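The exercises below are meant to be worked through with the sequence and the model side by side. Try each task before reading its solution.

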Amino acid sequence: MASEHPRANLPPLTLHVPEPRFRPGDAADFVAVEVPPAGAAPRPDSAAEPRGMSELAYSLVRVLDDDNRAVGPWDPRLSPDALRRLLADMVRLRAFDERMFRAQRQGKTSFYMKATGEEAVAVAAAHALDRDDMCFPSYRQQGLLIARGYPLVDMMNQIYSNTADKLGGKQLPIMYSAKDFGFFSISGNLTTQYPQAVGWAMASAAKGDTRIAAVWCGEGSTAEGDFHSACTFASVYRAPVVMNIVNNQWAISSFSGFAGAEATTFAARAIGYGIAGLRVDGNDALAVYAATQWAAERARTNCGPTLIEHFTYRAEGHSTSDDPTQYRSAGEPTAWPLGDPIARLKAHLIQIGEWDEDRHAAQDKAIAEDVRAAQKAAEKNGILGHGLHQPLDSLFDGVFEEMPWHLREQRQMMLDEEAASGRPWARK
Amino acid sequence: MGAQVSDIVTETGNGTEAPATTRMNMIQAINSAMDVVMARDPDVIVMGEDVGYFGGVFRATAGLQSKYGKTRVFDTPITEIGIIGVAIGMGAYGLRPVPEIQFADYIYPALDQLVSEAARLRYRSAGEFTAPITVRSPYGGGIFGGQTHSQSPEGIFTHVSGIKTVIPATPYDAKGLLIAAIEDNDPVLFLEPKRIYNGPFNGHWDKPAENWSKHPGGEVPTGHYTVPLGQAKVVRAGEALTVLCYGTMVHVCERAVAEAGVDAEIVDLRTLIPLDIDAIEASVKKTGRCMIVHEATRTGGFGAELSALVQERCFYHLEAPIERVTGFDTPYPHSLEWAYFPGPVRIAQALKKIMKD
């Protein structure tokens, strides 16, 4: 006899909604995070077929071991000078972030985003890429600009939207654009830069150029269609591009499980596309350097794209607009099993006898002084909120190459409105 | 015809001059535009679904791959986000991509790349990066395409700052406007009224179709010329009322006006953004009446913007309320296509109304 309720002998369906291990008030331990020993991951030839290297998408490329030695086949064998430059740029980035975060808290600008704990991801990549390779960053790769020597004062001018802001106050703070430094205009819409980077790389290949592209997104936004479209294009045309996923565990308040981390790694996304995939200890500057160098060589020799997951941890909030203690355990940043990228590289330099605490302290001081001086110089050009820094009618510039009648008309409306208003802030 | 020819370059071969013009349908004219520009500028590339070896589902890119090679004319994966995103990146590199979206109905996955990226790149980077891309896409109904091969989405894009929207109504204009669009340094959405690819469809779907062979707009220069963006064209001068239209509706309006025996002035807008407001204003102030015709859905359509502009600028010259003749606010139906289409009867009724008031 047919049941009134079909399949009544089965338990009801349940919906799985991911939940992070720790919430505010919980002690965080991360024992569930597998950390393979440094040096264990094999290093295939950069021209190898992706098919034979899928295990690299599930393991973790690590160079610095627990005793701060550089070990294994991925050791990039950088000179002490190169290591010190790498360290200095990471320290500079952290000092810059601290200073600008504080400036936002002091009301000098509207918004800021730090890269604390993730400094190695952008800085080591910039050191491994060629200076003329084109970077398509997300909003947390200011380390690329710092490592390429972009003036700190120009970054700050942008953050303050002041008279010297090269973007004329048109962009949210930190959404830099620096074409001369191979740094594409940052979008606030997530991962739109992924297919754009692939397109740039395809153009470079179509033109017989030698430059490659590199692109970054967070693990959260790998869920965007743009990411998957980009992977398809990159795979189909074997585009010379290094595609980076910064898995810092958190997308604002959503843990990586909402992007699929409970089921697989982000590097494993590469496997379905037939792309080389690497999963890398993102807090190990030497591992990031080595992986980027390998991927860049691959791209530059027509062996196609590489997808690199940088396994790291966002040690602070998403931006100045959120409080991470509201959604995650306060103990997470210190419990993170892969340590701090600056502390680890510093310890390595000391271990090999090329650095010491005194020199580090002196460098900290000198860099802090540089950053302070840059800030002082930038603030001479004004800070956000202290009057208008750009001519009012510049609001209409750059919508099109040539301004059409309707914008000219609206510009006049605005100027008439300002003339009539007598508003104290409206100075031209 | 021919007033907008800014630069006719006659091609020569074997010492004999090729004819300066020849008969083309709109597909051939669009194909010729890409051919001419690709021959002049090695940075122009064509990409899209089925555009390469096959030459496009409407044949608009036929022969281009064999002539210019696979790195300049290539098929793409079926992902509109990718097609537009990749084109933007190529533009940032310095190329001048001409991506095709196979049907305008398929453009929506690419909306973010068009609206938030292509249209904003110049502004947000203070001119460091631009997106000199021309997105070609067949649009509009009348081909029994059902709701996913018939839409007119121009109003979505005219609402976005930073992107130009161009719609030709003849082969001559299609070629000249497309060359101008490709050579333009801003992103352009080039919507092709696919119902008139083969002939100037006049709205009488139950009568034999005409082709372009007898229409003056089917006489097309073989070489390089441009029809500047932002210039409307008076296709019929008249005194009784002004009809603002574009694309397929230009021809439907011409016939409807002739059948009604009304001395209408028909203005083919050709470019919606930037709009030729001077031509509109001059015509409406002269005639004192204005009818707006488009195939797209009515509410929030580009006709609403036109109506507002005419009211703002010509109110004291108007002798009757502005009339809008449009598609309905429904999906484009398959079997009831001709009930949806703003055809001769709907236009005739509106003409009667506006002339009575």
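**Exercise 1. Compare two annotated stretches of chain A.**
Find the helix and strand content of residues 90–383 of chain A, and then do likewise for residues 11–50 of chain A.

*Solution.* Begin with residues 90–383 of chain A, where the chain is 43% helix and 11% strand, and where the end C-alpha atoms are 26 Å apart. This model is a predicted one, and the name attached to the stretch comes from an unreviewed UniProt entry, which calls it "domain: Dehydrogenase E1 component". Next, turn to residues 11–50 of chain A, which the UniProt record, again an unreviewed entry, labels "domain: 2-oxoisovalerate dehydrogenase E1 alpha subunit N-terminal". Here the chain is 0% helix and 0% strand, while the end C-alpha atoms are 42 Å apart.

**Exercise 2. Locate the domains of chain A.**
Into which domains is chain A divided, and how many Å separate their centres?

*Solution.* First read off the division: domain 1 of chain A is made of 50–316 + 329–384, and domain 2 of chain A is made of 391–421. Then take the centres of the two domains over their C-alpha atoms, which gives a separation of 38 Å.

**Exercise 3. Describe the interface of chain A and chain B.**
Work out how many residues each chain brings to the contact, what area is buried between the chains, and which elements of chain A take part.

*Solution.* Start with the residues: chain A brings 45 residues to the contact, and chain B brings 44 residues. The area buried between the two chains is about 3600 Å², and carbon and sulfur atoms give 63% of it. On the side of chain A, Phe233(A), Phe400(A) and Trp405(A) supply 17% of the area that this chain buries against chain B, which is more than any other three residues supply.

Now look for polar and charged pairs across the interface of chain A and chain B. The rule finds two salt bridges there, as well as 23 residue pairs in polar contact. Lys207(A) forms a salt bridge with Asp43(B), and their closest N and O atoms are 2.7 Å apart.

Finally, ask where in chain A the touching residues lie. Helix 5 (193–206), helix 6 (225–236) and helix 12 (405–421) of chain A each supply at least two residues of the side that touches chain B. Helix 5 of chain A gives the largest share, nine residues. Sorted by class, this side of chain A has 20 nonpolar, 14 polar and 11 charged residues.

**Exercise 4. Describe the contact between the domains of chain B.**
Find the two domains of chain B, and then describe how domain 1 of chain B and domain 2 of chain B are in contact.

*Solution.* The assignment gives domain 1 of chain B as 21–221 and domain 2 of chain B as 233–355, and the C-alpha centres of these domains lie 24 Å apart. UniProt, in an unreviewed entry, also annotates residues 24–199 of chain B as "domain: Transketolase-like pyrimidine-binding", a span that is 36% helix and 16% strand.

For the contact itself, 35 residues of domain 1 of chain B meet 28 residues of domain 2 of chain B. Together the two domains bury about 2700 Å² between them, with 59% of it on carbon and sulfur atoms. The count between these domains is three salt bridges, and Glu210(B) forms a salt bridge with Arg255(B), with the closest N and O atoms 3.2 Å apart. There are also 14 residue pairs in polar contact between domain 1 and domain 2 of chain B. Strand 8 (164–166) of chain B is among the elements that give two or more residues to the side of domain 1 that touches domain 2, and strand 8 gives the largest share, three residues.

**Exercise 5. Interpret two backbone details.**
Which residues does a cis peptide bond join in chain B, and in which loop is Asn302(A) found?

*Solution.* As background, most residues other than glycine have a negative phi, and most peptide bonds are trans. In chain B, a cis peptide bond joins Ile273(B) and Pro274(B), with omega about -5 degrees. Pro274(B) is found in the loop between strand 14 (271–273) and helix 9 (277–287) of chain B. In chain A, Asn302(A) has a positive phi of about 60 degrees although it is not a glycine. Asn302(A) is found in the loop between helix 8 (285–300) and strand 7 (306–311) of chain A.

How values were computed. Residues are numbered from 1 along each chain as its sequence is written. Chains are lettered from A and ligands numbered from 1 in the order in which they are written. This is a predicted model: local features need pLDDT of at least 70, side-chain atom pairs count only at pLDDT 80 or more; totals for chains, interfaces and linings use all residues. Side-chain values use heavy atoms; hydrogens and water are left out. UniProt positions are given in the numbering used here, feature names are shortened, and annotations may be inferred rather than shown by experiment. Helices (H or I, at least four residues) and strands (E, at least two) are DSSP runs, numbered from the N terminus. Domain bounds come from an automatic or database domain assignment. Contact means heavy atoms within 4.5 Å. Buried area is the accessible area (1.4 Å probe) that two parts lose on being put together, summed over both. A salt bridge is a side-chain nitrogen of Lys or Arg within 4 Å of a carboxyl oxygen of Asp or Glu. A polar contact is a pair of N or O atoms within 3.5 Å; within protein, one must be able to donate a hydrogen and the other to accept it, and residues adjacent in sequence count only if both atoms are side-chain atoms. Ala, Val, Leu, Ile, Met, Phe, Trp, Tyr, Cys and Pro count as nonpolar, Asp, Glu, Lys and Arg as charged, and the others, Gly among them, as polar.
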